[in-house]
Amino acid sequence: APAAEHAGVAGPFRQLTELAVQRIQLGDLVAAAKFGTTQPIDDPVREKQVLDTVAAESVRLGMAPEPNVRFFRAQIEASKVVQRGLFSRWERDPSQRPSRRPDLARQVRPRLDRLTAQLLGELRATLEARRPGVVCEVRRIQAEVTAVFVHRLDKLHRDAVTVSLRPVCAA
Ligand SMILES: C=C(O[C@@H]1C=C(C(=O)O)C=C[C@H]1O)C(=O)O
């Protein structure tokens, strides 16, 4: 986020927000992997694996698991907002359909797993800043506005970012 960094307005959630945006952008690849297959957008078994890992890793890192699990529920919901939005876009307009289908298990989920670890590190690094209150909320919204600007996100991905950042101030 060079512009935002230069202006000094990025705040304490720049990296956390950057990682959340990366996870949302991976939603495009998840959608491309699933579109035109029998693989459903909602995969409760995989979601449980993700959330169980989050809980176990949180304990290992000395953090309370519940707030982190709630944060990742929002990340998962944000990914599904993107997937549903892209599916309906591609159903309406076949010319926008992806030309390649990535392999979900081999190519996409390993990248999501790496982001999980990075996000947990950032949740830990921002524990103090995320204590609930108006200061945190203002910074959260600042980070959201900055990310939307820097990444030039469309309406669908902006909506997903809003969903993903909602539980930030709940350390
Ligand atoms: C991203 C996927 O789609 C959904 C969202 C998930 C997530 O964000 O981790 C997990 C399972 C699915 O319900 C996926 O299937 O991997």
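In this predicted model, Ser 164 is in contact with Ala 20, Ile 24, Ala 74, Gln 75 and Ala 78, once its neighbours within four places in sequence are left aside. Ser 164 sits in helix 7, which covers residues 155-165. With 30 other C-beta atoms within 10 Å, Ser 164 is buried, because the cut-off for that class is 20 or more. One of the contacts spans a long stretch of sequence: Ile 24 is 140 residues away from Ser 164 along the chain, yet the two C-alpha atoms are separated by 8.3 Å.

Ser 164 shares its burial with other members of helix 7, namely His 157, Ala 160, Val 161, Val 163 and Leu 165. What lies over these residues? The cover of the buried residues of helix 7 includes helix 2, helix 4 and helix 6 (134-151). Helix 2 is a good place to continue, and its packing against its partners is taken up in turn.

Two packed helices are described by the angle between their axes and the distance between the axes. For helix 2 and helix 7, the angle is about 130° and the axes are 10 Å apart. The pair is therefore oblique, and the crossing of helix 2 with helix 7 is right-handed. On the helix 2 side, the meeting residues are Thr 17, Ala 20, Val 21, Ile 24 and Gly 27, and on the helix 7 side they are His 157, Ala 160, Val 161, Ser 164 and Leu 165. By class, this contact has 6 nonpolar and 4 polar residues, with no charged ones. Ser 164 thus returns here as part of the contact between the two helices.

Helix 2, which runs over residues 14-34, also packs against helix 4, at an angle of about 45° and with the axes 8 Å apart. An angle of about 45° is neither under 35 degrees nor in the range from 65 to 115, and helix 2 and helix 4 are therefore oblique to each other. Their crossing is right-handed. Helix 2 contributes Ala 20, Arg 23, Ile 24, Gly 27, Asp 28, Val 30, Ala 31 and Lys 34 to the contact, while helix 4 contributes Gln 75, Ala 78, Ser 79, Val 82, Gln 83, Leu 86 and Phe 87. These residues divide into 8 nonpolar, 4 polar and 3 charged. Ala 20 and Ile 24 of helix 2 take part in this contact, and both also appear in the contact with helix 7.

How do helix 2 and helix 6 pack, and at what angle do their axes cross? The axes come within 10 Å and cross at roughly 50°, so this pair is oblique as well. Helix 2 passes helix 6 in a right-handed crossing. Arg 14, Thr 17 and Val 21 of helix 2 meet Ala 143, Glu 144, Ala 147 and His 151 of helix 6. The contact is made up of 3 nonpolar, 2 polar and 2 charged residues.

Beyond helix 6, the loop leading to helix 7 holds Arg 152. The phi angle of Arg 152 is near 50°, a positive value in a residue other than glycine. Is Arg 152 buried or exposed? It has 7 other C-beta atoms within 10 Å and is therefore exposed, the limit for that class being 12 or fewer.

Another loop residue, Ile 41, lies between helix 2 and helix 3. Ile 41 has 16 C-beta neighbours inside 10 Å and so counts as partly exposed. Apart from neighbours within four places in sequence, Ile 41 is in contact with Lys 34, Lys 80, Gln 83, Arg 84 and Phe 87. Of these, Lys 80 is 39 residues away along the chain, with a C-alpha separation of 6.7 Å from Ile 41.

Lys 80 also belongs to the surroundings of the ligand, together with Val 30, Asp 42, Asp 43, Arg 46, Glu 47, Val 50, Ile 76, Ser 79, Arg 109 and Leu 112. Helix 3 (44-60), helix 4 (65-92) and helix 5 (104-125) each give two or more residues to this shell. The shell has 6 charged, 4 nonpolar and 1 polar residues.

Helix 4 also holds Pro 65. Pro 65 is partly exposed, with 17 other C-beta atoms within 10 Å. Not counting residues up to four places away in sequence, Pro 65 touches Ala 55, Ser 58 and Val 59. Leu 115, 50 residues from Pro 65 in sequence, is 17 Å away from it, C-alpha to C-alpha.

Key: Residues are numbered from 1 along each chain as its sequence is written. This is a predicted model: local features need pLDDT of at least 70, side-chain atom pairs count only at pLDDT 80 or more; totals for chains, interfaces and linings use all residues. Helices (H or I, at least four residues) and strands (E, at least two) are DSSP runs, numbered from the N terminus. Two residues are in contact if their C-beta atoms, placed from the backbone, lie within 7 Å. A residue is near a molecule or strand if its C-beta atom, placed from the backbone, lies within 6 Å of it. Ala, Val, Leu, Ile, Met, Phe, Trp, Tyr, Cys and Pro count as nonpolar, Asp, Glu, Lys and Arg as charged, and the others, Gly among them, as polar. Axes are lines fitted to C-alpha atoms, for helices over the stretch in contact, and angles run from 0 to 180 degrees between N-to-C directions. Angles under 35 degrees count as roughly parallel, over 145 as roughly antiparallel, 65 to 115 as roughly perpendicular and the rest as oblique. A crossing is left-handed if the near helix is turned anticlockwise from the far one by less than a right angle, and right-handed if clockwise.
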